Amino acid sequence: MIPTLRITVRDTGDRPGTEVEQPYLHDPVGTAARPEIRLVGHTWDPLDARASAEVHATFPADLAAYTGADGRRVVEPGALELRVAASSAHVRHTVPLRSPSRGRCGRSGTSGGCGASRA
């Protein structure tokens, strides 16, 4: 996947507040049926009025893995989308990703071997 996502968040109001960003993963070409989008993290950033901050979030490759019919974790090659949103219905940015490799991720329930990157 990608090592780090960097985005700038802003408080546009006259009072301090908190900005929550939610990254969702979407696999438009996966061979296994999975949820349309899946929440894979969040950031929680308190900001002063009219202030901004750069947010950094890291996403390990095994977030794109799923358990195959044989009980092993699989990372499929192909397109992915990381959607940065205020909620699943309010997507602010879409980041296209691509996996050039295919592989297994160790035994079921482990993440060993899921180090292949998508970029």
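The following exchange goes through a predicted model of one protein chain, from its overall make-up to a few chosen residues.

Trainee: How many helices and strands are there in the protein chain?

Mentor: Read along the sequence, the pattern is β-β-β-β-β-β-β-β-β-β, with strands as its elements. The count for the protein chain is accordingly zero helices and ten strands.

Trainee: Among contacts between residues at least 6 apart in sequence, what percentage joins residues at least 24 apart?

Mentor: One pair that is distant along the chain is Thr12 and Ala49, which are 37 residues apart and have C-alpha atoms separated by 6.9 Å. Over the protein chain, among contacts between residues at least 6 apart in sequence, the share that joins residues at least 24 apart is 66%.

Trainee: What percentage of the residues in the protein chain is buried?

Mentor: The accessible surface comes to about 7100 Å², of which carbon and sulfur atoms hold 50%. Counting by residue, with buried taken as under 20% relative accessible area, the buried part of the 119 residues is 34%.

Trainee: Is His26 buried or exposed?

Mentor: His26 belongs to strand E2, which covers residues 17-26. Leaving out residues up to four places away in sequence, His26 touches Glu36, Ile37, Leu80, Glu81 and Arg83. Because its relative accessibility is 9%, and the limit for this class is under 20%, His26 counts as buried.

Trainee: Which residue offers the backbone oxygen that the side chain of His26 reaches?

Mentor: The contacts of His26 with residues over four places away in sequence include Glu36 and Ile37. The backbone oxygen that the His26 side chain reaches, at 2.7 Å, is that of Glu36.

Trainee: What is the volume of the largest pocket, which His26 helps to line?

Mentor: Besides His26, the lining of the largest pocket includes Leu25, Asp27, Glu36, Tyr66 and Leu80. By residue class, this lining divides into seven nonpolar, one polar and four charged residues. The space in the largest pocket is about 220 Å³.

Trainee: Which element gives the largest share of the lining of the largest cavity?

Mentor: One cavity of 30 Å³ or more is counted, and the largest cavity has a volume of about 60 Å³. Strand E1 (4-10), E2 and strand E5 (52-58) are the elements that give two or more residues to its lining. The largest share, three residues, comes from E2.

Trainee: How many residues in the lining of the largest cavity are charged?

Mentor: The lining includes Leu5, Ile7, Phe59 and Val84, together with Glu21. Glu is placed in the charged class. The division is seven nonpolar, two polar and, for the charged residues, one.

Trainee: Which residue's side chain makes a polar contact with the side chain of Thr31?

Mentor: Thr31 is found in the loop between E2 and strand E3 (38-39), and with a relative accessible area of 68% it is exposed. Leaving aside neighbours within four places in sequence, Thr31 is in contact with Tyr66 and Glu76. For Glu76, the C-alpha to C-alpha separation from Thr31 is 8.3 Å, at 45 residues apart in sequence. The side-chain polar contact of Thr31, at 3.5 Å, is with Tyr66.

Trainee: Is Thr12 buried or exposed?

Mentor: Thr12 lies in the loop between E1 and E2. Its relative accessible area is 63%, and because the exposed class requires over 50%, Thr12 is exposed.

Key. Residues numbered from 1 in each chain as written. Predicted model: local features only at pLDDT ≥ 70, side-chain atom pairs only at ≥ 80, totals over all residues. Heavy atoms only, no water. Helix = DSSP H or I, 4+ residues; strand = E, 2+ residues; numbered from the N terminus. Buried < 20%, exposed > 50% of the residue type's maximum accessible area, 1.4 Å probe, protein only. Polar contact = N/O pair within 3.5 Å; in protein donor to acceptor, adjacent residues only side chain to side chain. Contact = heavy atoms within 4.5 Å. 1 Å grid on protein atoms, 1.4 Å probe; cavity = no way out; pocket = protein on both sides within 12 Å on 5 of 7 lines; lining within 4 Å. Points joined across faces, edges and corners; volume = space filled by probe spheres on them. Areas by Shrake-Rupley, 256 points an atom, 1.4 Å probe, with all protein chains shown as cover.
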